[in-house]
Amino acid sequence: MKTYHITVDGQMYEVTVEEVSGTSAGVPAPPKPVTPPPPSTLPSKPAAVAAAPKPAPAPGTGGGNQVPAPMPGKILSIQVKPGENVKSGKVLLILEAMKMENDILAPMDGTVQAINVNVGDSVNTGDVLVVIG
């Protein structure tokens with residue numbers, strides 16, 4: 001037996017510990033190792049799944065920078081028009097998600113090439129909202 005002094009939250013306790021070797025009453029035996037079944041009984045690997053084709057680009061995306069929806073929601077208002085010059089940080093549109101209005105900002109300076117949504121549209125995460133060139 002060994003005796004230790006342990007301090008917890010400023011309170012000192014004296015603890016006596018008995019060292020146990022092997023197994024004794026009240027102490028569970030260590031788990032036995034499990035041997036895997038022979039390879040012939042294992043299920044074969046599933047066939048490779050073909051990668052899904054990429055979706056076609058949204059109309060009017062003529063090589064510009066796409067501004068995707070960061071989350072699912074509903075378009076409340078559109079603040080820009082095609083052909084309008086915008087500066088980085090300008091509000092392009094307002095997206096309602098989880099009862100909150102979220103400003104979707106221009107990620108760069110450029111010209112609005114296309115607006116792929118209308119007020120009232122529901123969008124999913126990743127849908128291209130605006131294209132800036």
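In this predicted model, the secondary structure of the protein chain consists of ten strands, with zero helices alongside them. Followed along the sequence, the protein chain therefore reads β-β-β-β-β-β-β-β-β-β, given that helices and strands are taken as DSSP runs numbered from the N terminus.

Turning to the chain as a whole, the protein chain holds 133 residues, and 20% of these count as buried, where buried stands for a relative accessible area under 20%. The accessible surface of the protein chain amounts to about 10100 Å², and carbon and sulfur atoms contribute 58% of that area. As for how the sequence meets itself in space, when contacts in the protein chain with a separation of 6 or more are considered, 51% of them link residues that lie 24 or more positions apart.

One element to follow in the structure is strand E10, which spans residues 128–132 and is mostly covered, since five of its five residues are buried. Which strands pair with E10, and in what sense do they run? Strand E3, made up of residues 65–68, is joined to E10 by four bridges, and the two run antiparallel; within this pairing, Asn65 stands opposite Ile132 of E10. Strand E8, covering residues 110–115, also pairs with E10 in the antiparallel sense, here over three bridges, and Ala114 is found opposite Val131 of E10.

Taken together, E10 has antiparallel pairings with E3 and with E8, while five of the five residues in E10 are buried.

Methods
Residues are numbered from 1 along each chain as its sequence is written. This is a predicted model: local features need pLDDT of at least 70, side-chain atom pairs count only at pLDDT 80 or more; totals for chains, interfaces and linings use all residues. Side-chain values use heavy atoms; hydrogens and water are left out. Buried means under 20% relative accessible area, exposed over 50%, partly exposed in between (1.4 Å probe, protein chains only). Contact means heavy atoms within 4.5 Å. Accessible areas come from the Shrake-Rupley method with a 1.4 Å probe; for residues, only the protein chains shown count as cover. Two strands pair if DSSP finds at least two bridges between them.
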